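This briefing looks at how helices pack and where empty space is left in one protein chain. Please keep the sequence and the structure in view while reading.

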Amino acid sequence: LPQGKLFIDFADQDDRDHLAEMVYHLSPALIVIDSLSSISTRGENNIEDVRDVLSFLNSLAMDAQCGLLLIHHLRKRGQLPLADTLTIDDFRGSGHIIAIARSVIGLSVIQTGPEPDRNGPRRLEIVKTNLARYPEPIGVEFLPLEPEGVYLKYGDAPQNYKEPTQQEQCETWLLQVLADGPLSPKEVIELAKEEGFARRTVYRARKNLEDRIVSTAGRRSPNNQWRLKVRDF
C-alpha cells in the first residue's frame with residue numbers, strides 16, 4: 001500500500017496507478033484480487049461502479065498479458081437454495097460481476113449430514129465458462145496432518161444431505177431390528193407401532209428390502225419369519 005493508506009481502493013486513481021506500476025515492474029503471470037468486496041469503497045451492487053473497477057482490472061491484465069483471478073463471495077447461507085449445483089444467481093452483488101468473467105469457479109461447503117460442519121467437504125465446480133464444455137464438479141476435503149496442518153484431498157463431489165423420509169427411516173429401523181435375529185411379521189408390526197410406523201409403511205419397507213430380507217416360509221405360513229439374507233463372501 002502507498003504510505004499512509006490503510007486499505008486498497010481501486011475506485012481511487014492513485015491506487016490504480018500504484019497497482020499498474022507493480023505489474024509493470026514485476027511482470028506477474030497471475031494477478032490475484034482477494035476479494036472484490038475489499039478493494040473498492042463503491043461496493044459491489046451498483047452496476048456502473050462495478051463495471052468501472054472490473055474494466056480497469058481487465059484492461060490491466062490484458063495489457064500485461066497475464067491472468068486475473070478475482071475472488072468473490074456467495075450470498076449468505078440462509079439465502080442460498082439447497083440445490084445440487086451453484087448458479088450465477090448465488091453470488092453477491094451486481095450480476096455484471098459474473099457477466100464480465102470468462103470463467104467462474106464456485107467453491108462451497110456441502111452439508112453431508114444432519115448437522116452443518118464448517119470443516120466439511122467442499123464442492124468445486126465450474127459455474128460459468130466461455131472457454132470449454134462444463135466439466136463434472138469435484139470434491140475437496142481438508143484433512144488433518146500430524147502433528148499440525150492440513151492437506152487437500154480431491155475426489156468425487158459430495159452430495160447435499162437430505163432429511164430421510166419416514167419410509168427410509170422405517171427401512172433403516174427394520175434392518176436394525178432383524179439384525180438381532182428373525183422375527184415373525186406380527187412381531188415386527190407390534191414393534192413398529194411402538195416406533196410410530198404404520199403397518200403399510202412396514203410392508204413397503206419389506207418390499208423395498210427384498211434383496212436384503214428373506215422369508216423363512218411361505219407368506220401364509222404361521223411359522224413364517226423375516227430374517228436378514230446371509231451374504232456370500
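In this predicted model, the helices α5 (185-195) and α6 (199-208) each supply at least two residues of the lining of the second largest pocket. The points below begin with that pocket, then turn to a cavity, and end with two pairs of packed helices.

**The second largest pocket**

- Of the elements that line the second largest pocket, α6 gives the most, with four residues, and the space in this pocket comes to about 330 Å³.
- The full lining of the second largest pocket consists of Pro185, Lys186, Ile189, Arg199, Tyr203, Arg206, Lys207, Glu210, Ser215, Arg219, Asn224 and Trp226.
- Sorted by class, this lining holds six charged residues, together with four nonpolar and two polar ones.

**The largest cavity**

- Rolling a probe the size of a water molecule over the atoms shows where empty space is left.
- The count comes to one cavity of 30 Å³ or more, and the volume of the largest cavity is about 30 Å³.
- Around the largest cavity lie Leu36, Ser40, Gly43, Glu44, Val50, Val53 and Leu54, and by class this lining has four nonpolar, two polar and one charged residues.

**Helices α1 and α2**

- Two packed helices are described by the angle between their axes and the distance between the axes.
- For helix α1 (residues 13-26) and helix α2 (residues 47-64), the packing angle is about 20° and the axes are 11 Å apart.
- Because angles under 35 degrees count as roughly parallel, α1 is described as roughly parallel to α2, and the crossing of these two helices is right-handed.
- On the α1 side, the residues in contact are Arg16, Leu19, Ala20 and Val23, and they meet Asp52, Val53, Phe56, Leu57, Leu60 and Ala64 in α2.
- By class, this contact of α1 with α2 has eight nonpolar and two charged residues, with no polar ones.
- Val53 thus has a place in two of the groups described here, as it belongs to the contact of α1 with α2 and also to the lining of the largest cavity.

**Helices α4 and α5**

- Helix α4 (residues 166-178) packs with α5 at an angle of about 130°, and their axes are 12 Å apart.
- The helices α4 and α5 are therefore oblique to each other, and α4 passes α5 in a right-handed crossing.
- In this contact, Trp173, Leu174, Val177 and Leu178 of α4 meet Val188, Leu191, Ala192 and Glu195 of α5.
- By class, the contact of α4 with α5 has seven nonpolar residues, no polar residues and one charged residue.

Note on methods
Residues are numbered from 1 along each chain as its sequence is written. This is a predicted model: local features need pLDDT of at least 70, side-chain atom pairs count only at pLDDT 80 or more; totals for chains, interfaces and linings use all residues. Side-chain values use heavy atoms; hydrogens and water are left out. Axes are lines fitted to C-alpha atoms, for helices over the stretch in contact, and angles run from 0 to 180 degrees between N-to-C directions. Angles under 35 degrees count as roughly parallel, over 145 as roughly antiparallel, 65 to 115 as roughly perpendicular and the rest as oblique. A crossing is left-handed if the near helix is turned anticlockwise from the far one by less than a right angle, and right-handed if clockwise. Contact means heavy atoms within 4.5 Å. Ala, Val, Leu, Ile, Met, Phe, Trp, Tyr, Cys and Pro count as nonpolar, Asp, Glu, Lys and Arg as charged, and the others, Gly among them, as polar. On a 1 Å grid over the protein atoms alone, a cavity is a set of points where a 1.4 Å probe fits but cannot get out, and a pocket is an open set with protein on both sides within 12 Å along at least five of seven lines; lining residues have an atom within 4 Å of a point. Grid points are joined across faces, edges and corners, and a volume is the space filled by probe spheres set on the points.
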